[in-house]
Amino acid sequence: MPALDYFNARLEATISPMDYLKSTQMNPDKYFLIDVRNGPIHVRSLTIKDANVIPQQELQERLNEIPKDKEIIVYCWDVWCNTAAKVAKYLLEDGYNVKELTGGIAAWKEMNLPVSDTSQGVNIPDSCGC
Amino acid sequence: MPALDYFNARLEATISPMDYLKSTQMNPDKYFLIDVRNGPIHVRSLTIKDANVIPQQELQERLNEIPKDKEIIVYCWDVWCNTAAKVAKYLLEDGYNVKELTGGIAAWKEMNLPVSDTSQGVNIPDSCGC
Amino acid sequence: MPALDYFNARLEATISPMDYLKSTQMNPDKYFLIDVRNGPIHVRSLTIKDANVIPQQELQERLNEIPKDKEIIVYCWDVWCNTAAKVAKYLLEDGYNVKELTGGIAAWKEMNLPVSDTSQGVNIPDSCGC
């Protein structure tokens with residue numbers, strides 16, 4: 001029954017922005033959210049509010065920052081980005097409990113959910129993702 | 001051969017907007033399309049034309065509205081939405097034949113495919129998804 | 001461990017635009033990139049630079065154009081498009097080494113990566129995908 005396997009795997013491996021938001025409001029200490037995007041820091045200064053910034057390229061040397069007793073949520077740029085999937089694979093193989101946030105920062109911004117700007121504090125993005 | 005498994009599962013579990021449109025034009029009675037989005041009704045008054053509106057939160061009590069002899073197509077907001085996947089999993093486990101419409105209402109609108117507005121009748125959306 | 005299976009399968013079956021770009025710059029002869037979109041040619045005149053245009057509907061009769069000794073990368077319109085997945089499945093079953101380019105032409109254009117216009121030569125698209 002491959003269709004059911006597909007949905008089970010996807011629901012096991014991912015969490016949507018709205019589900020993450022609701023769940024973290026009920027259990028503020030349940031998750032450890034990581035922004036794993038690589039690239040120049042000025043293009044990724046806007047992050048999801050309260051995200052821990054650990055670029056994929058620094059993951060191995062900064063593993064000690066990631067708690068084993070929390071559910072790890074990773075995200076990158078958009079639905080077509082594979083960086084979060086690579087990190088999720090690495091951490092799952094190392095025994096962590098990991099999910100990918102679907103749609104990355106792009107979906108989060110499109111829904112006007114709360115973000116942080118590392119140089120300017122918390123703010124709300126414009127309504128259009130362009 | 002995990003890559004082949006991946007594509008087989010995805011093609012078994014999903015149908016694209018264009019494939020759905022072509023197939024339903026040839027076989028108008030083949031499918032039962034369900035809009036499973038939750039949330040305030042005013043933000044989801046625009047639906048795919050001829051969709052049956054059964055929010056995920058009402059699914060269990062409205063199961064009797066879903067025919068067992070048709071192919072069930074479910075959709076939610078966008079590619080990053082997991083609500084349709086949850087409904088698909090639930091219905092597959094209950095013996096229904098189910099596929100998810102890829103991209104949800106967002107992809108459908110982006111291609112200017114026919115929609116309904118529950119308060120205003122059928123119309124065609126603007127060309128830009130912003 | 002379905003979450004790990006999910007990420008392994010996705011990483012085996014897909015390559016992101018950025019990963020493809022970096023890899024092809026280091027190994028220009030490693031890949032054979034195919035634009036498999038169907039539909040009127042005027043709506044798909046803009047392609048990824050150096051892509052081979054073989055619409056899915058012409059695949060069977062043009063199989064001889066596809067080299068067996070390269071890694072085949074296929075793409076279509078967007079993340080919700082299934083045409084590239086269908087071609088990937090077909091070619092994998094025929095013994096080719098195949099990956100799908102995530103996000104299709106839409107993600108590629110959104111990042112302003114190099115494209116070709118079959119009627120006008122190589123150019124760079126505008127910054128907004130609208």
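This section describes the internal cavity, the charged and aromatic contacts, and selected backbone features of a predicted model.

The whole structure was searched for enclosed space, and 1 cavity of 30 Å³ or more was found. The space within the largest cavity amounts to about 540 Å³. Its lining comprises 28 residues, and those nearest the centre are A:Tyr6, B:Tyr6, B:Val79, C:Tyr6 and C:Val79. Three helices each contribute at least two residues to this lining, namely α1 (2-13) of chain A, α1 (2-13) of chain B and α1 (2-13) of chain C. When the lining residues are sorted by class, 10 are nonpolar, 12 are polar and 6 are charged.

One of the residues nearest the cavity centre, B:Tyr6, also takes part in an aromatic contact. B:Tyr6 and B:Phe7 form an edge-to-face pair, with 5.3 Å between the ring centres and 80° between the planes. The assignment as edge-to-face follows because planes over 60 degrees apart are placed in that class. B:Tyr6 is buried at 12% relative accessibility, and B:Phe7 is likewise buried, with a relative accessible area of 0%.

Over all chains, the count of aromatic pairs comes to 9. Among them is the pair of A:Tyr20 and A:Tyr31, whose ring centres lie 5.2 Å apart and whose planes meet at 55°, so the pair is tilted. This contact links distant parts of the chain, since A:Tyr20 belongs to helix α2 (residues 17-26) of chain A and A:Tyr31 to strand β2 (residues 31-35) of chain A, with their positions 11 residues apart. A:Tyr20 is buried at 8% relative accessibility, and A:Tyr31 is buried at 8% as well. Ring pairs extend the arrangement to a cluster of A:Tyr20, A:Tyr31 and A:Trp108.

Aromatic rings are also contacted by charged side chains. In chain A, A:Lys68 lies over the face of A:Tyr96, at 4.6 Å from the ring centre. In chain B, A corresponding kind of contact places B:Arg37 over the face of B:Trp77, at 4.4 Å from the ring centre.

Salt bridges number 24 over all chains. In chain B, B:Glu93 is bridged to B:Lys89, with the closest N and O atoms 3.2 Å apart. These two residues are 4 residues apart in helix α3 (residues 83-93) of chain B, and are therefore separated by about one helical turn. Both ends of the bridge are partly exposed: the relative accessibility is 49% for B:Glu93 and 25% for B:Lys89.

In chain A, a salt bridge joins A:Arg62 to A:Glu58, the closest N and O atoms being 2.6 Å apart. A:Glu58 is partly exposed, with a relative accessible area of 29%. In chain C, C:Lys49 is bridged to C:Asp50, and the closest N and O atoms are 3.1 Å apart. C:Lys49 is partly exposed at 33% relative accessibility, whereas C:Asp50 is exposed, with a relative accessible area of 58%. Returning to chain A, salt bridges that share partners join A:Glu58, A:Arg62 and A:Glu65 into one network.

The backbone was examined next. Most residues other than glycine have a negative phi. Against this background, C:Asp50 has a positive phi of about 70° although it is not a glycine. The residue is located in the loop between β3 (46-48) and β4 (52-53) of chain C. A positive phi is also found at B:Asn112, where the angle is near 60° in a residue other than glycine. B:Asn112 is part of the loop between α4 (104-110) and β7 (115-117) of chain B, and with 30% relative accessibility it counts as partly exposed.

A final feature concerns positions far apart in the sequence of chain A. The C-alpha atoms of A:Thr14 and A:Thr102 are separated by 6.2 Å, while the two residues are 88 residues apart along the chain. A:Thr14 is placed in strand β1 (residues 14-15) of chain A. With a relative accessibility of 5%, A:Thr14 is buried, because values under 20% fall in that class.

Methods. Residues numbered from 1 in each chain as written. Chains lettered and ligands numbered in written order. Heavy atoms only, no water. 1 Å grid on protein atoms, 1.4 Å probe; cavity = no way out; pocket = protein on both sides within 12 Å on 5 of 7 lines; lining within 4 Å. Points joined across faces, edges and corners; volume = space filled by probe spheres on them. Nonpolar A, V, L, I, M, F, W, Y, C, P; charged D, E, K, R; others polar. Salt bridge = Lys/Arg side-chain N within 4 Å of Asp/Glu carboxyl O. Buried < 20%, exposed > 50% of the residue type's maximum accessible area, 1.4 Å probe, protein only. Phe/Tyr/Trp six-rings, centres within 6.5 Å; stacked < 30°, edge-to-face > 60°. Lys NZ or Arg CZ within 6 Å of the ring centre and 35° of its normal.
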